[in-house]
Amino acid sequence: MTNRTGSCLCGARRYEIEGDLDGVWMCHCSLCRKASGSVGNAILIVPKERLRWLSGADHGETYALRPTYTITRCRTCGTPLPAEEDDMNVYVTAGTLDEPLGAGIRTHLFCASRADWDRDAADVRHFEERSR
Ligand SMILES: [Zn+2]
Ligand SMILES: [Zn+2]
């Protein structure tokens, strides 16, 4: 069993997830596109008892569009973390992981809402340099 850590861009909010995760849920709904400013939210569904805040647990600002759609951001850097939670799970934004996950995207949600530019055509350029 592996523990993984994650953090927001500025490092104020840091967490640890206990145990392995079986993949990423990728939500393409229009709300997740706006909330992320990107293709949507990439989510790790983590049982609450397996997520531990290492720092900054109280350094988030939660925006509730409606009771069933909230997103919490770091007060300093604005990184969305976590996306949402329900009674049993926290929906951790997968992009905040510090290390490789060891699993890929498991599920795509609301694919009919996908942005028309969210495509990877054969002629798309890829630049392979790494960044930190
Ligand atoms: Zn931050
Ligand atoms: Zn969504």
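## Strands E1, E2 and E5

Four bridges join strand E2 to strand E5, and these two strands run antiparallel. Within this stretch of the structure, which is a predicted model, Glu16 stands opposite Arg52, a residue that belongs to E5.

The pairing of E2 with E5 is part of an open sheet of three strands, whose order is E1-E2-E5 and whose pairing is antiparallel. The edges of this sheet are formed by E1 and by strand E5, which covers residues 51-55, since each of them pairs on one side only. From one strand to the next, the twist of the sheet averages 25°.

## Strands E3, E4 and E9

Strand E4, made of residues 41-47, pairs with strand E3, made of residues 24-27, in the antiparallel sense and over three bridges. One bridge can be followed at the level of residues: Cys27 has Asn41, in E4, as its bridge partner.

Strand E4 also pairs with strand E9, which covers residues 89-93, and here the antiparallel pairing extends over five bridges. Between these strands, Leu44 stands opposite Val92, which lies in E9.

## The zinc site

Which residues hold the zinc ion (ligand 1)? The ion is coordinated by the SG atoms of Cys8, Cys10, Cys74 and Cys77, at 2.3 to 2.4 Å. The angles among the four donor atoms are 107 to 113°, and the site is tetrahedral. Along the sequence, the donor residues follow the spacing C-x1-C-x63-C-x2-C.

Two of these donors, Cys10 and Cys74, link distant parts of the chain, for they are 64 residues apart. Cys10 lies in the loop between strand E1 (3-7) and strand E2 (14-18), whereas Cys74 lies in strand E7, which covers residues 69-74.

Is each of these two cysteines buried or exposed? Cys74 counts as buried because its relative accessibility is 4%, and the limit for that term is under 20%. Cys10, by contrast, is partly exposed, because its relative accessible area is 38%, a value that falls between the 20% and 50% limits.

## Lys34 in helix H1

Helix H1, which runs over residues 30-36, contains Lys34. This lysine is classed as exposed because its relative accessible area is 74%, and the term applies to values over 50%.

How far apart are the C-alpha atoms of Lys34 and Asp98? They are separated by 24 Å, and the two residues lie 64 residues apart along the chain.

Notes. Residues are numbered from 1 along each chain as its sequence is written. Chains are lettered from A and ligands numbered from 1 in the order in which they are written. This is a predicted model: local features need pLDDT of at least 70, side-chain atom pairs count only at pLDDT 80 or more; totals for chains, interfaces and linings use all residues. Side-chain values use heavy atoms; hydrogens and water are left out. Donors are N, O and S atoms within 2.8 Å of the metal (3.2 Å for Na, K and Ca); water is not among the atoms, so sites may look incomplete. Four donors count as tetrahedral if all angles lie between 85 and 135 degrees; four count as square planar and six as octahedral if opposite donors are over 155 degrees apart and all others between 65 and 115; anything else is irregular. Buried means under 20% relative accessible area, exposed over 50%, partly exposed in between (1.4 Å probe, protein chains only). Two strands pair if DSSP finds at least two bridges between them. Axes are lines fitted to C-alpha atoms, for helices over the stretch in contact, and angles run from 0 to 180 degrees between N-to-C directions.
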